[in-house]
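Please work through the exercises below with the sequence and the structure in view, and try each task before reading its solution.

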Amino acid sequence: MESDCLSLLPSICNVLANPKLLLPDDTSLEKLLDWFRESMSQSYGKHIIPHQPSLLQFLLSVTTSQEMDPTVFSFALKLTGLLASKEDSFNLLEERGILQYMFEPDNWHKLNLWKNASVRCGWLQGLWNMLQHQQAMDFFCKRELVKLVLYLQKDKSLFIASLTNQVLAHFLNSTMLSNNFESVAQNSPASTDWASVTTKIMIHVAKSLASEEQAVVLSGLRQLAVVLTQCREPLKEMVWTHVLEPLELLANLHDGSLTQHIMAVLQVSARSPLFIKPECRVEALMEAMLCSRNANTSVQCAALVLQLENCPETLERKATNVLLHPLLFVTSCSLQPHGPDYDSLFEEQLTQRISCVPLIAQSLSSIADLVCKSRLDDIAVRLVTLSVISLLRICLGHHSTTLQKAETYSHLIGCCKIQRCSLDVLGSLAACKENMDTVHEALEVLLLYLQCPDVHATVLKKAHQAILKWFSICSPSTDLWKTVHHDLFPVLKKHVCDGRWEVRDSTLEFIMQLTATLKGNSKYVEALHDCGMVSVLFTSLSDVEGYVRASAVAALGETLTTADLQLSTSLQEEAVKHLLTILTEDTDSFPRRAVMKTCL
């Protein structure tokens, strides 16, 4: 196969060199580049040009052509860089003037190719391919190609702008191959050029962060995040020293549109030795972001802070308080005293629908993460649980209206997003041992959601999942099983007959899961068989929707295995008849699969 590909190269190069032959797309060229990349990684890769003179002829024809297709020219740029990644090939290409022509766009400006995004992209990728050894680095520095790379950071194509960050980070990292920037600067013949370009890049990043143009600032933050992620020490600290001052100004500016990008930089720095060095002030920057005058910024920052590994206890506590505050404020609870300015900040945001729902949703999702990571040890878990329960009541309109919170409540009533997030959190909180005495309150509000006729199908499904988690911690002797018989099962029987197939399906799935979870509980089993639920399940086997019939099969199979054999023999015989009918006559595959799974 390899020899076949090599034998075809001369013909392929002839086709590519002919401007009259247009390619339908660049897919074949990308595959060809992949083949070259793989070939270059083999031992014979550095000798590919001497053995394949057609490649050199093709590239030479590109340098003399007065008419060139942008797609082919982009391919030639990438190929040149790939071939030049080997020192022997680099020398040959430089001797023939190919490198100078390809990577100095002034040489081909008359062809009007630079305006094509694929050509700019090919130039950057070719450059990135080439920067694999000292000679290529020297070429990059002496030709001052860094100026054009930095200019392309403002390119209207986001892909090209992102690619410049990768090229610059790769160059900076290549200067650290000896793992000591100072030794490179002393021993390399090109030390002055390398150090000069490195400094130029760092100064450019710092100036970008200090710019008054938001687009430039965002570009600088993205570049900084990439550089800090990929670069080694001590270059990482050198970069940080250059950008610290403008970064502090940005953090104290409290511009919500910059929050995610600043925190991306801080998260990268927090996973490096910079975090433990007091002079780098990473923790202080995070605290500045937490104390933003914009509630959304503070909450977003707090959520990102809590994702850090080995987060300092003081910083973690502050972030946790910020995240909890929207929930506690809306439900009129208080974890600890807060100043009036802090409360007024949240009140202003929570009275506006555009910010109220995202703010509370972010708070709830972050609380759910804290519960999953068991990081609520120092927090009043019961207070948080009761606050979530209160919020769920507010979303149903079950609250005592106060003038202060009236506008906020109007945004929350019937809000499916907040209902789903709240139910997720409530379900997670069932795992906390401090909540053993809040089971009644939790199940009460969950039953309210099942009984509400206007609740969205997706919200009902979340309520089902939360009920499963709270029932799993109930004691077998509790009086709550009376609630199951008198309140839960009647509403479930109604939902199995609901006009929305999603509700019927999720209800049957819930019955199956609840029965499997509580199979060993005699009171639950007794209530299940005494309330007429089994006959409802038999009826559901004839539902018009295949998904619903499949769920009914699974629920019935789980239910019949919970009763004593003598009690359920007749039911089992009837069930077998129905299941055989489905297996032989149902045209939908889902019910048939459910029957097979139940029987096996």
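## Exercise 1: Cysteines

Task: Find how many disulfides the structure holds, and decide whether Cys141 is buried or exposed.

Solution: In this predicted model, the structure holds zero disulfides. For Cys141 the relative accessible area is 5%, and because buried means under 20%, Cys141 counts as buried. The same step applies to Cys231, whose relative accessible area of 5% also makes this residue buried.

## Exercise 2: The surroundings of helix H17

Task: For helix H17, which spans residues 282–290, list the buried residues, and then name helices that cover them.

Solution: Going along H17, the buried residues are Val282, Leu285, Met286, Ala288, Met289 and Leu290. Their cover includes helix H15 (235–253) and helix H16 (259–270), together with helix H18 (295–305) and helix H19 (313–330).

## Exercise 3: Helices H22 and H25

Task: Describe how helix H22 (residues 381–395) packs with helix H25 (residues 439–451), and sort the residues of their contact into nonpolar, polar and charged.

Solution: Begin with the geometry, in which the axes lie 10 Å apart and the packing angle is about 20°. Because angles under 35 degrees count as roughly parallel, H22 is roughly parallel to H25. The crossing of the two helices is left-handed. Next, identify the residues that make the contact: H22 contributes Arg382, Leu386, Ile389, Leu392, Arg393 and Cys395, while H25 contributes Glu441, Ala442, Glu444, Val445, Leu448 and Tyr449. Finally, sorting the residues of this contact gives eight nonpolar, no polar and four charged.

Technical notes: Residues are numbered from 1 along each chain as its sequence is written. This is a predicted model: local features need pLDDT of at least 70, side-chain atom pairs count only at pLDDT 80 or more; totals for chains, interfaces and linings use all residues. Side-chain values use heavy atoms; hydrogens and water are left out. A disulfide is a pair of cysteine sulfur atoms within 2.5 Å. Buried means under 20% relative accessible area, exposed over 50%, partly exposed in between (1.4 Å probe, protein chains only). Helices (H or I, at least four residues) and strands (E, at least two) are DSSP runs, numbered from the N terminus. Contact means heavy atoms within 4.5 Å. Axes are lines fitted to C-alpha atoms, for helices over the stretch in contact, and angles run from 0 to 180 degrees between N-to-C directions. Angles under 35 degrees count as roughly parallel, over 145 as roughly antiparallel, 65 to 115 as roughly perpendicular and the rest as oblique. A crossing is left-handed if the near helix is turned anticlockwise from the far one by less than a right angle, and right-handed if clockwise. Ala, Val, Leu, Ile, Met, Phe, Trp, Tyr, Cys and Pro count as nonpolar, Asp, Glu, Lys and Arg as charged, and the others, Gly among them, as polar.
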